[in-house]
Amino acid sequence: MADGSPLDRLSNTDKIDPTKAVEPSRGGTAPTTGRFEEHMRSAGTSPTAAPNQPNQISPMQAAQTQNVAPGKPPTMDSIQAQMNTTSTSLGDIKNQLHEKNLKLKQSDKYLLRNKLGQANDHLRSANQHLGNDPGPPVDLKSNKNPINKFLAMVADGQHQLNSAATQLRDLNASGQQINAGEMLLIQVKLQKAQQELDYTSVLLGKAVEMIRTLLNVQI
């Protein structure tokens, strides 16, 4: 190959200047490092968070936040107090179900039947662990009215609590003690029943509030 060919000229790198360091543009402005760091520090704060929003509890929050397991071991007195609280919740639900012109969506009916059914299962189990016979479950097929079905489930729950409370008082009066494991299990059953009832009460409360709002608008 002759001298001075294009290939020889490409392989000759003597005339190539070394790469120069990148210099800041004379006409531009230096980057605002301080503003960037300030922006990064404030990035954790959500600009859309609205202050002073009203705390509205939802059924899911009621089920998640209520009845946190206590740190102290259960006693007969603490179990009796749980029964009283659960009985009060059942009474409130009964009053809500007696609300005039109460109408429930199909999805609400499904949830109420599910939640009240689970609450009854826990109450019947707690009563059984105290040594009582909970008896046959509620016959829901014989009643087509959904409100009457829910009232029957509430009535059965109250019956289970009354039976358990009577047994607990008799054991306490006779000086008999319940096994610590059984007492803890009864406590857990009552807590789970209370969670289901809290959910039910919140759900019914929203339905009752909607009905009262519609009646006020019509008037």
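Biologist: A nonpolar core is a set of buried Ala, Val, Leu, Ile, Met, Phe, Trp, Tyr and Cys residues joined through side-chain atoms within 4.5 Å. Which residues have the most contacts inside the largest one here?

Modeller: Before that, a word on the source: this is a predicted model, in which local features need pLDDT of at least 70 and side-chain atom pairs count only at pLDDT 80 or more, while totals for chains, interfaces and linings use all residues. Residues are numbered from 1 along each chain as its sequence is written, and side-chain values use heavy atoms, leaving out hydrogens and water. The largest nonpolar core has 37 residues, and those with the most contacts inside it are Met-83, Leu-97, Leu-102, Leu-104, Leu-130, Phe-150 and Leu-190. Buried means under 20% relative accessible area, exposed over 50%, and partly exposed in between, with a 1.4 Å probe and protein chains only.

Biologist: Which helices supply this core with at least two residues each?

Modeller: They are α4 (76-97), α5 (106-129), α6 (146-174) and α7 (180-218). The largest contribution comes from α7, with 11 residues. Helices (H or I, at least four residues) and strands (E, at least two) are DSSP runs, numbered from the N terminus.

Biologist: And what does Phe-150 touch?

Modeller: Beyond its neighbours within four places in sequence, Phe-150 contacts Leu-97, Leu-104, Lys-109, Leu-112, Arg-113 and Leu-116. Contact means heavy atoms within 4.5 Å.

Biologist: Stepping back, how many helices and strands are there?

Modeller: There are 7 helices and 0 strands, so the order of elements from the N terminus is α-α-α-α-α-α-α. The protein has 219 residues, of which 32% count as buried. Of the contacts between residues at least 6 apart in sequence, 89% join residues at least 24 apart. About 15500 Å² of the protein is exposed, and carbon and sulfur atoms supply 53% of that area. Accessible areas come from the Shrake-Rupley method with a 1.4 Å probe; for residues, only the protein chains shown count as cover.

Biologist: Which distant parts of the sequence does α7 bring together in space?

Modeller: Two pairs can be given. Gln-191 lies in α7, and its C-alpha is 9.6 Å from that of Met-83, although the two are 108 residues apart in sequence. Leu-203 is also found in α7; Leu-203 and Asp-108 are 95 residues apart in sequence and 7.6 Å apart C-alpha to C-alpha. Gln-191 counts as buried because its relative accessibility is 12%, and Leu-203 is buried because its value is 12%.

Biologist: Let's turn to α6. What happens at its ends?

Modeller: Asn-145 caps the N-terminal end of α6, with a side-chain oxygen 2.9 Å from the backbone nitrogen of Ile-147. Just after α6, Gly-175 takes a positive phi of about 80 degrees. The helix has 29 residues and reaches 42 Å from its first C-alpha to its last, close to the 42 Å expected at 1.5 Å a residue. The expected span is 1.5 Å times one less than the number of residues.

Biologist: Arg-124 in α5: buried or exposed?

Modeller: Arg-124 is buried, because its relative accessible area is 11%. A polar atom of its side chain lies 3.3 Å from the backbone oxygen of Pro-136. Not counting residues up to four places away in sequence, Arg-124 touches Pro-134, Gly-135, Pro-136, Pro-137, Asp-156 and Gln-160.

Biologist: And Asn-127, why does it count as buried?

Modeller: Asn-127 counts as buried because its relative accessibility is 1%. It also lies in α5, and its side chain reaches the backbone nitrogen of Ala-164 at 3.4 Å. Beyond four places in sequence, its contacts are Asn-132, Pro-134, Gln-160, Ser-163 and Ala-164. A polar contact is a pair of N or O atoms within 3.5 Å; within protein, one must be able to donate a hydrogen and the other to accept it, and residues adjacent in sequence count only if both atoms are side-chain atoms.

Biologist: What is the phi of Asn-101?

Modeller: It is near 65 degrees, a positive value in a residue other than glycine. Most residues other than glycine have a negative phi. Asn-101 sits in the loop between α4 and α5 and counts as partly exposed, because its relative accessibility is 44%.

Biologist: Last one: where does pLDDT stay under 50?

Modeller: It does so over residues 45-55, for which the model has 0 contacts beyond four places in sequence. It also does so over residues 63-70, with 13 such contacts. The protein averages a pLDDT of 79, and 66% of the residues score at least 70. pLDDT is the predictor's confidence in each residue, from 0 to 100.
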